[in-house]
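The following exercises concern a single protein chain. Each task is followed by a solution that proceeds step by step.

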Amino acid sequence: MAAQKINEAHEHIAKAEKCLKTSFTKWKPDFDSAASEYAKAAVCFKNAKQFDQAKDAYLKEAEYHTENKTLFHAASKAIEQAGMMMKEQKKMPEAIQYIEKACMMYMENGTPDTAAMALDRAGKLIEPINLDKAVDLYQKAAGVFENEDRLRQAAELLGKASRLLVRLRRLDDAAVALQKEKNMYKEIENYPMCFKKTTAQVLIHLHRADYVAADKCVRESYSLPGYSGSEDCVAMETLLQGYDEQDEDQVYRVCNSPLLKYMDNDYAKLSISLRVPGGGSKKKAAAAPQGGAGGASAPTEEEDDYEGGLC
């Protein structure tokens with residue numbers, strides 16, 4: 001089966017080369033037909049799992065679409081497919097290079113939505129091996145959607161970037177990305193998402209040991225319809241109070257509540273690892289009414305369980 005497909009591919013290449021020849025009666029190469037034959041050859045190579053040859057055929061297809069000066073979108077798509085052939089060979093950096101090149105061509109030829117979606121796909125491909133590059137690709141895709149006033153899609157992609165920045169411990173960058181993401185949700189009036197982003201902001205700023213910035217995020221969110229008095233608001237006010245007063249019991253209760261524990265995984269990890277300033281012990285006075293000496297011993301155990309968190 002593979003041998004048959006390879007033979008078919010070479011037949012298509014031979015036809016393509018014939019299309020490019022000129023003579024006394026044929027003054028110009030037939031670039032359109034040559035590109036079509038190379039596209040067929042690429043599919044045959046791909047089906048035969050000859051991915052490197054498929055990549056070369058897709059690049060030839062792109063070259064002749066470009067020569068044709070009318071099918072730039074098809075040329076961009078062929079280059080993107082060449083990138084996917086690199087992905088099949090697990091050559092991710094080369095794959096991303098081709099996909100980024102295709103995205104630039106999509107942009108230049110008036111199809112920014114296609115460019116943004118391709119950048120998103122590229123981000124997913126590279127994420128398992130290079131988080132920093134994935135962040136870059138998601139942010140570029142978000143920027144394209146933002147320029148097209150497609151803020152929901154832009155915010156979703158910024159959300160991916162924000163979570164990866166947290167995973168990378170690039171918390172300053174995460175704080176900036178999250179604020180931009182929150183502003184977009186505010187603009188499209190998705191206020192429940194704004195509430196969640198405020199909670200994430202508070203966790204990031206407290207891990208940055210910036211209480212003032214965390215408090216400011218909550219205060220600014222009071223202007224959001226429905227935020228004041230909401231579950232999210234009360235939780236953050238309680239968390240900030242406990243953090244400010246170095247009450248580790250209070251911080252622990254909020255950070256291990258379902259509201260925070262079931263956030264996106266990267267933010268949930270920030271929550272369960274948060275410590276009060278100085279890494280002090282939990283206040284025994286808060287635990288004493290729960291059952292005297294027996295009640296006071298449990299918080300000490302919990303403190304040991306979470307010793308040496310992220311912050």
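Of the contacts in the chain with a separation of 6 or more, 58% join residues 24 or more positions apart, a contact meaning heavy atoms within 4.5 Å. This is a predicted model, in which local features need pLDDT of at least 70 and side-chain atom pairs count only at pLDDT 80 or more, whereas totals for chains, interfaces and linings use all residues. Residues are numbered from 1 along each chain as its sequence is written, and side-chain values use heavy atoms, with hydrogens and water left out.

**Exercise 1. Describe the chain as a whole.**

Step 1. The chain contains 17 helices and 0 strands; these are DSSP runs numbered from the N terminus, helices being H or I with at least four residues and strands E with at least two.

Step 2. Of the 311 residues, 45% are buried. Buried means under 20% relative accessible area, exposed over 50%, and partly exposed in between (1.4 Å probe, protein chains only).

Step 3. The exposed area of the chain is about 15,800 Å², of which carbon and sulfur atoms supply 51%. Accessible areas come from the Shrake-Rupley method with a 1.4 Å probe, and for residues only the protein chains shown count as cover.

**Exercise 2. Characterise the surroundings of Thr199.**

Step 1. Thr199 belongs to helix H10 (residues 191-207).

Step 2. Its relative accessibility is 3%, so Thr199 counts as buried.

Step 3. Leaving aside residues up to four places away in sequence, Thr199 touches Asp232, Met236, Leu260 and Met263.

**Exercise 3. Explain why helix H13 (residues 248-255) is described as largely enclosed.**

Step 1. The buried residues of H13 are Glu248, Asp249, Gln250, Val251, Val254 and Cys255.

Step 2. These are 6 of the 8 residues of H13, so the helix is largely enclosed by the rest of the structure.

Step 3. The N-terminal end of H13 is capped by Asp247, a side-chain oxygen of which lies 3.2 Å from the backbone nitrogen of Asp249.

**Exercise 4. Analyse the salt bridges of Asp136 and Asp215.**

Step 1. The whole structure has 26 salt bridges, each defined as a side-chain nitrogen of Lys or Arg within 4 Å of a carboxyl oxygen of Asp or Glu.

Step 2. Asp136 and Lys140 form one of these through their side chains, at 3.4 Å from N to O. They are 4 residues apart in helix H7 (residues 131-147), and therefore separated by about one helical turn. An α-helix has 3.6 residues a turn, so residues three or four places apart point the same way.

Step 3. Asp136 is partly exposed at 27% relative accessible area, and Lys140 is partly exposed at 38%. A network of salt bridges links Glu100, Lys133, Asp136 and Lys140.

Step 4. The closest N and O atoms of Asp215 and Arg219 are 2.6 Å apart in their salt bridge. Both residues lie in helix H11 (residues 211-221), 4 residues apart, about one turn of the helix. Asp215 is buried at 18% relative accessible area, whereas Arg219 is exposed at 54%.

**Exercise 5. State how many disulfides the structure holds, and whether Cys194 is buried or exposed.**

Step 1. The structure holds 0 disulfides, a disulfide being a pair of cysteine sulfur atoms within 2.5 Å.

Step 2. Cys194 is buried, with 0% relative accessibility. Cys255 is buried as well, at 2%.

Conventions
A polar contact is a pair of N or O atoms within 3.5 Å; within protein, one must be able to donate a hydrogen and the other to accept it, and residues adjacent in sequence count only if both atoms are side-chain atoms.
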